[in-house]
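Got the model open in your viewer? Keep the selection box handy and we'll walk from stop to stop.

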Amino acid sequence: MPKRSNFRPLFLVLLHVIMVLSETPLAPALYVFGDSLVDSGNNNFLETTAVANYKPYGIDFPLGPAGRFTNGKTIMDFFAESLGLPYVPAYLSLSNDEKSKVATGVNYASGSAGFLPERGTALRLYSIGSRKFVVFKMGPLGCLPAIVNSANRKPNTPCIEAVNQLVIIFNDKILETIIKLRGDLENSTFVQGNIYLSSYTTNLEPCTFGFTAGRSICCVVGGNGTTTCLQNQTPCADRTKYIYWDTFHPTEEVNRQTAIGCFSGRSPCVPLNINELAQRQ
Ligand SMILES: *[C@@H]1O[C@H](CO)[C@@H](O)[C@H](O)[C@H]1NC(C)=O
Ligand SMILES: *[C@@H]1O[C@H](CO)[C@@H](O)[C@H](O)[C@H]1NC(C)=O
């Protein structure tokens with residue numbers, strides 16, 4: 001396998017996640033596809049520099065640095081807990097024997113993943129019985145510190161709006177794909193995770209949402225504020241006050257708030273939340 005380049009491709013699909021709940025009663029399985037935001041350790045097994053299996057990653061996770069690109073739980077970890085499922089194991093962490101036996105779901109997400117063939121993936125899962133899909137659109141990538149700090153000129157807002165405009169176009173395409181799939185796939189239910197606006201608002205007014213550290217970065221990073229966490233450096237003490245764990249990825253607290261809203265609230269997941277989706281016959 002060719003060595004994958006550094007962190008650049010990472011942001012292409014940040015917060016663009018496809019999640020599948022299998023059939024009732026209450027979601028016996030959770031399959032996860034996506035990028036570093038929901039990777040639970042696949043990249044540990046790939047020849048890539050985009051890994052997060054060292055301290056301080058996982059400082060607030062029970063198992064320590066296991067490959068999650070944040071200080072604690074990902075959104076998928078919170079969903080698994082709410083559904084009463086075990087944390088979804090990284091596909092590449094399983095032995096061949098385990099791969100054939102695991103029945104509660106598998107995580108295929110990989111940090112630095114390129115664009116997913118969304119439609120092909122969804123069709124394949126449908127053909128083997130999946131009927132419930134959750135698709136997260138992309139967040140405002142133009143607000144990521146890594147993007148802002150690597151720009152030549154400081155923007156007028158906290159974000160590079162030209163990048164966000166591209167995200168908006170991409171998100172419109174995702175919506176078109178969802179509408180098409182919903183029409184093509186009998187009995188399917190699609191939930192959209194519309195995280196763009198809430199995340200954008202949080203970036204503009206962090207304090208309003210309790211993130212009193214603003215847009216500063218919790219762990220120690222290099223490259224003038226454009227990299228993932230440097231190894232073995234002490235991160236900020238109160239992680240709940242920060243939006244950003246490293247220059248690409250949110251803290252567990254951001255993941256928690258997104259997950260709670262999506263699981264049982266009225267936003268960012270529409271037209272159903274995940275609890276309603278799981279109950280659906
Ligand atoms: C759709 O649901 C109906 C009613 O439960 C069922 O009879 C039918 O086989 C389902 N079709 C597909 C393709 O799942
Ligand atoms: C950080 O920025 C300074 C000043 O612009 C530059 O000289 C230096 O090469 C940069 N370092 C890295 C690692 O990008």
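Start by selecting ligand 1 and E186 in this predicted model: a nitrogen atom of the ligand is 3.4 Å from an N or O atom in the E186 side chain. That pair falls under the polar contact cut-off, which is two N or O atoms within 3.5 Å; inside the protein, one of them must be able to donate a hydrogen and the other to accept it, and residues adjacent in sequence count only if both atoms are side-chain atoms. Now add N187, where an N or O atom of the side chain sits 2.3 Å from an oxygen atom of ligand 1. Next add R131, with a polar side-chain atom 3.4 Å from an oxygen atom of the ligand. Taken alone, ligand 1 exposes 360 Å², and the protein buries 34% of that (Shrake-Rupley areas with a 1.4 Å probe; for residues, only the protein chains shown count as cover).

Which residues surround ligand 1? Select Y126, R131, E186 and N187 (a residue is near a molecule if one of its heavy atoms lies within 4 Å of it). By class, this shell has one nonpolar, one polar and two charged residues. Here Ala, Val, Leu, Ile, Met, Phe, Trp, Tyr, Cys and Pro count as nonpolar, Asp, Glu, Lys and Arg as charged, and the others, Gly among them, as polar.

A quick word on the bookkeeping before you move on. Residues are numbered from 1 along each chain as its sequence is written, while chains are lettered from A and ligands numbered from 1 in the order in which they are written. Because the model is predicted, local features need pLDDT of at least 70 and side-chain atom pairs count only at pLDDT 80 or more, while totals for chains, interfaces and linings use all residues; side-chain values use heavy atoms, with hydrogens and water left out.

Next stop: R280. Look for it in the segment after α8 (274-279). The R280 side chain makes a polar contact of 3.2 Å with the side chain of T189. Show K132 as well: it is 148 residues from R280 in sequence, but the two C-alpha atoms are 9.1 Å apart in space. Is R280 buried or exposed? Neither, quite: its relative accessibility is 41%, so R280 counts as partly exposed (buried is under 20% relative accessible area, exposed over 50%, partly exposed in between, with a 1.4 Å probe and protein chains only).

Now zoom out to the whole protein chain. Colour by secondary structure and you should find eight helices and five strands, in the order β-β-α-α-α-β-α-α-β-α-α-β-α along the sequence. These are DSSP runs numbered from the N terminus: helices are H or I with at least four residues, strands are E with at least two. Of the chain's 281 residues, 53% count as buried.

On to the empty spaces. Rolling a probe the size of a water molecule over the atoms shows where empty space is left. On a 1 Å grid over the protein atoms alone, a cavity is a set of points where a 1.4 Å probe fits but cannot get out; a pocket is an open set with protein on both sides within 12 Å along at least five of seven lines, and lining residues have an atom within 4 Å of a point. Grid points are joined across faces, edges and corners, and a volume is the space filled by probe spheres set on the points.

The largest pocket has a volume of about 490 Å³. Of its 28 lining residues, select I195, S198, S199, V254 and T258, the closest to its centre. Two elements give two or more residues to the lining, α6 (195-204) and α7 (252-264), and α7 has the largest share with six. The lining comprises 17 nonpolar, ten polar and one charged residues.

For the largest cavity, at about 30 Å³, select S36, L37, F69, T70, T74, H249, P250 and N255. Its lining divides into three nonpolar, five polar and no charged residues.

Finish with some backbone details. Most residues other than glycine have a negative phi, and most peptide bonds are trans. Go to S267 and P268, which are joined by a cis peptide bond with omega about 10°; P268 is in the loop between α7 and β5 (269-270). The V270 to P271 bond is also cis, with omega near 0°, and P271 is in the loop between β5 and α8.

Last, select N224, in the loop between α6 and α7. Its phi is near 55°, a positive value in a residue other than glycine, and N224 counts as exposed because its relative accessibility is 75%.
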